Amino acid sequence: MTHELKTASPADCVPEDVTANTRGALRAFIDMESHGRSPTVQPWTESGTFRLDPVGLRCFLRLGYVPGVRTLFRGVRCVSRPGRFCAAGEDHETGGYVGYAHLGCGQPYRSTPLPQLLKDARHAWLNAVQRCYDAGRRILVPLSAGLDSRAILGGLLECTSASHITTFTRGVPGTADFDWAPRVAKAAGVDHIAIDLREYPLREDPLRETARLVDGNTFLFDAYYHQKLLEDLPGDEYWSGFLGDGSCGIYQPKRPLATRDDFVAQFAREEDIYNPRGLLLDDRPEHEGEDWDDLMFPECLAASDANELTTYEVIALEHRTERLLANIVVSPRIPCKIPFAELEWLRFALSIPKEHRRRRRLFVRCLQQAFPALMAEPTTEFWGLPVGSKLRSVWHNRKRIARHLGRRLGVLGTVCWPVYIDFAERIRARGDLYVLVRQAAADWDRRGLLARRGAAQALLKEHMAGEADHAMLLCLLTSLEMILDTWNVRW
């Protein structure tokens with residue numbers, strides 16, 4: 001499946017719930033392919049301004065994005081419906097709309113023995129890769145120390161020779177991805193490029209350009225690094241592991257969640273990594289308000305008790321995957337192939353029994369059988385050991401495991417953050433990032449939206465003095481300031 005950014009006419013893009021004062025003046029760039037990429041919406045009014053949505057602002061500062069169909073812009077909703085990145089956004093077999101919850105319907109594999117499930121998994125995955133593959137194209141594959149990129153690489157090697165594939169890894173030396181991905185590339189026999197992100201400068205103009213490429217709904221620095229790298233690297237198209245974690249069961253809750261409130265509260269706890277409490281003048285607890293509840297858990301997201309896909313997974317796929325990660329890892333500037341979004345794969349992966357999806361058990365075993373040479377290299381799924389390592393191997397390698405677990409990845413609050421930059425130290429170095437953060441803090445204090453005068457600059461002062469680590473919140477405020485200024489948002 002290829003996803004490219006295209007231009008659509010205003011009449012095609014105006015959502016039904018845009019307020020009357022902007023209807024007819026709204027314009028947008030979105031992908032209009034039948035089941036293509038459309039979480040990225042770039043709207044503006046003829047007057048060139050937007051009004052800031054206070055609920056969207058509180059969500060962005062709490063989560064780093066606005067979930068659901070709401071945006072930072074008052075009266076403007078996301079054009080696409082839930083499931084917009086799912087290949088089945090429009091089901092051409094039935095002519096109707098389907099989303100993640102629909103794909104997980106039923107329990108068709110409940111009585112299927114494990115050996116047959118493994119065969120079916122391999123067949124569904126290789127078919128998904130084959131459908132995405134176009135002969136004669138130079139392929140670029142981002143390679144990490146995880147499993148999704150190895151699944152893509154292994155599948156591609158079933159379709160073409162290693163000479164047509166180039167892999168790349170972004171990060172900093174000493175992190176798992178940077179150190180282990182070259183070993184996977186060597187085992188596959190493909191060319192590999194390692195990119196030290198510390199060598200990429202942070203400048204205001206490129207960051208503003210990134211703000212225009214996404215829908216103003218993501219952590220800008222991660223998106224900037226990804227967009228910039230893809231522009232500089234060789235290749236006709238790149239293959240993304242987007243949806244790999246979610247489709248294979250990584251979002252399955254560790255404990256049963258019984259009620260709507262349980263789902264929303266658990267999701268809010270896992271996503272709440274910036275800790276901005278008390279920062280805004282109007283800082284009501286979102287999870288106690290109707291706006292927050294409806295935003296996080298619209299009725300259409302609920303999964304049936306008869307489904308193998310849990311309701312919590314649907315929430316995570318609709319919010320975290322499509323509203324945050326999509327804007328970071330899927331570039332609108334070069335063609336992108338997403339095999340995990342292929343319809344056959346999603347229907348299979350979201351319908352296998354929960355016990356096989358938990359911790360991606362079936363997916364891991366399938367890859368181990370299908371691509372043993374790639375799975376024999378270290379992986380973050382097994383603490384730096386090959387897939388399938390026994391307890392004895394863990395004990396004998398305990399020092400190595402402790403060493404890698406103890407390395408600082410520059411990732412604060414979440415294990416899935418796409419960019420391994422130590423933002424805290426980069427700010428304290430008083431270089432490019434410090435200049436951007438200092439200016440954004442001053443601008444925020446002038447906006448009059450914060451609970452106390454000089455609050456943003458006080459955060460920066462505490463961080464620089466080593467009294468606290470506010471790096472992620474400061475970077476988020478910097479991202480948001482650039483987005484608001486680029487889109488000419490008033491409040």
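1. Buried here means under 20% relative accessible area, and in this predicted model that criterion is met by 15 of the 16 residues of helix 22, so the helix is largely enclosed by the rest of the structure.

2. Helix 22 spans residues 471-486, and the distance from its first C-alpha to its last is 22 Å, which is close to the 22 Å expected at 1.5 Å a residue. What follows the helix is Asn 488, a residue whose phi is positive, near 55°.

3. Thr 160 is placed in the loop between helix 5 (148-157) and strand 6 (165-171), and with a relative accessibility of 12% this loop residue counts as buried. Its side chain makes two polar contacts that deserve a look in the model: one is with the side chain of His 164, at 2.7 Å, and another is with the side chain of Tyr 133, at 3.4 Å. When residues up to four places away in sequence are not counted, Thr 160 touches Tyr 133, Ile 139 and Ile 165, so that Tyr 133 appears both as a polar partner and among the residues in contact under that sequence limit.

4. Pro 115 belongs to helix 4, which covers residues 114-132. At 54% relative accessibility, Pro 115 counts as exposed, because the cut-off for that class is over 50%. The C-alpha atom of Pro 115 is separated by 9.8 Å from that of Cys 366, although the two residues are 251 residues apart along the chain.

Note on methods. Residues numbered from 1 in each chain as written. Predicted model: local features only at pLDDT ≥ 70, side-chain atom pairs only at ≥ 80, totals over all residues. Heavy atoms only, no water. Helix = DSSP H or I, 4+ residues; strand = E, 2+ residues; numbered from the N terminus. Expected span 1.5 Å × (residues − 1). Buried < 20%, exposed > 50% of the residue type's maximum accessible area, 1.4 Å probe, protein only. Polar contact = N/O pair within 3.5 Å; in protein donor to acceptor, adjacent residues only side chain to side chain. Contact = heavy atoms within 4.5 Å.
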